[in-house]
Amino acid sequence: MVVRLPDSAHTGRPWRVHDLAPDFRLLDVWSFRTPGAGPGDFPAMLEAMRTSGGFARQALPVKALFAVRWGLGALLGWDRPGTGLGTRVRPLRDRLPSDLRGTVEDAGGSPFTPVYRLADEEVREIANKTMHGIMHLGWVPAPGGDHELRMAVLVRPNGGLGRFYMALIAPFRHLIVYPMLTRQWERAWRERAAGS
């Protein structure tokens, strides 16, 4: 079941990312159901997500949207060297206090670069000519007594192009990408739980 949450579901929690990225705007907060999950199961959920195949095993509509996006990016130069992390924008990793440095390594296979990981929180980032984005994953108590995964998307658009781009892709994110991602990640949790 796809559940979009109010902004307060993210802003009302004491995440470390609040202090690190006050200049980013919160776009979305989504909930992913993980029945039977306990407070220490965040690493198991991240591993289930990783083994579910990530972007490579997304549903066909999501793959098609990403193919169109990467094609447009190549055509319009949105993803050229010099438009991303460490060139056009300063990586969020550069803002990390010493206790967050070295808490996660880049496993590859994703367009997102890991920034840090804690027992209940992980941050990944991406940047190109249109924007600098953060995917925040948090592990929180759910209403039924279990724990659940929450994903918040934060962004800093790059000028008018970035604002136009983010407005243009909003319906696709909300109607196709996030609902299908929800199904994939929730299925990954159920399969992991069934196999353990």
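**Exercise 1. The covering of strand β4**

Determine how many residues of strand β4 (residues 121–127) are buried, and state which residues lie on each of its sides.

*Solution.* Strand β4 is mostly covered, since 7 of its 7 residues are buried. The model under study is a predicted one. The next step is to separate the two sides of the strand. In a regular strand, side chains alternate between the two faces of the sheet. On one side of β4 stand Glu121, Val123, Glu125 and Ala127, and on the other stand Glu122, Arg124 and Ile126. Every one of these residues is buried, and both faces of β4 are therefore covered.

**Exercise 2. The partners of β4**

Identify the strands that β4 is joined to, and give how many bridges join each pair.

*Solution.* Begin with strand β3 (residues 113–117). It runs antiparallel to β4, and 4 bridges join the two. Thr113 has Glu125 as its bridge partner in β4, and Tyr116 stands opposite Val123 in that strand. With 3 residues between them, β3 and β4 form a hairpin.

Continue with strand β5 (residues 131–141). It is antiparallel to β4 as well, with 7 bridges joining the pair. Here the bridge partner of Glu125 is Ile134. β4 and β5 also form a hairpin, with 3 residues between them. Glu125 is thus a bridge partner of Thr113 and of Ile134.

**Exercise 3. From β5 to β6 and β2**

Describe how strand β6 (residues 147–157) is covered, and which strands are joined to it.

*Solution.* Strand β6 is mostly covered, with 9 of its 11 residues buried. The first pairing to consider is that with β5: 11 bridges join β5 to β6, and the two strands run antiparallel. Trp139 stands opposite Leu149 in β6. The hairpin of β5 and β6 has 5 residues between the strands, and Gly145 in the turn has a positive phi of about 105°.

The second pairing is with strand β2 (residues 25–32), which runs antiparallel to β6 and is joined to it by 7 bridges. The bridge partner of Phe32 in β6 is Leu149. Leu149 therefore appears in both pairings: as the partner of Phe32 and as the residue opposite Trp139.

**Exercise 4. Assembling the sheet**

State the order of the 6 strands in the open sheet, and name its edge strands.

*Solution.* The pairings above fit into one open sheet of 6 strands, in the order β1-β2-β6-β5-β4-β3, with antiparallel pairing. The edge strands are β1 (3–4) and β3, each of which pairs on one side only.

**Exercise 5. Two loop residues**

Decide whether Val89 and Arg57 are buried or exposed, and list what each touches beyond its neighbours in sequence.

*Solution.* Consider Val89 first. This residue lies in the loop between α4 and β3. Its relative accessible area is 3%; the limit for a buried residue is under 20%, so Val89 counts as buried. Residues up to four places away in sequence aside, Val89 touches Gly84, Ala127, His132 and Arg156. The C-alpha atoms of Val89 and His136, which are 47 residues apart along the chain, are separated by 18 Å.

Now consider Arg57, in the loop between α3 (42–51) and α4 (60–76). Its relative accessibility is 56%; a residue is exposed when the value is over 50%, so Arg57 counts as exposed. Leaving aside neighbours within four places in sequence, Arg57 is in contact with Thr51, Ser52, Lys63 and Gln184. Its C-alpha atom is separated by 31 Å from that of Arg13, 44 residues apart along the chain.

**Exercise 6. The protein as a whole**

Give the secondary structure pattern of the protein, and explain why the protein counts as compact as a globular protein of its length.

*Solution.* The protein has 5 helices and 6 strands, which follow the pattern β-α-α-β-α-α-β-β-β-β-α along the sequence. The radius of gyration is 16 Å, close to the 16 Å that the globule rule gives for 196 residues, so the protein is as compact as a globular protein of that length. The C-alpha trace spans about 45 × 40 × 30 Å along its principal axes.

Next, turn to burial and contacts. Of the 196 residues, 44% are buried. Among contacts with a separation of 6 or more, 66% come from residues 24 or more positions apart.

Finally, consider the surface and the charges. The protein exposes about 9900 Å², of which carbon and sulfur atoms supply 59%. There are 26 positive and 19 negative side chains, and the centres of the two sets lie 7 Å apart.

How values were computed
Residues numbered from 1 in each chain as written. Predicted model: local features only at pLDDT ≥ 70, side-chain atom pairs only at ≥ 80, totals over all residues. Heavy atoms only, no water. Rg over C-alpha atoms; globule rule 2.2 N^0.38 Å. Buried < 20%, exposed > 50% of the residue type's maximum accessible area, 1.4 Å probe, protein only. Contact = heavy atoms within 4.5 Å. Areas by Shrake-Rupley, 256 points an atom, 1.4 Å probe, with all protein chains shown as cover. Lys, Arg positive; Asp, Glu negative; His and termini not counted. Charge placed at Lys NZ, Arg CZ, Asp CG, Glu CD.
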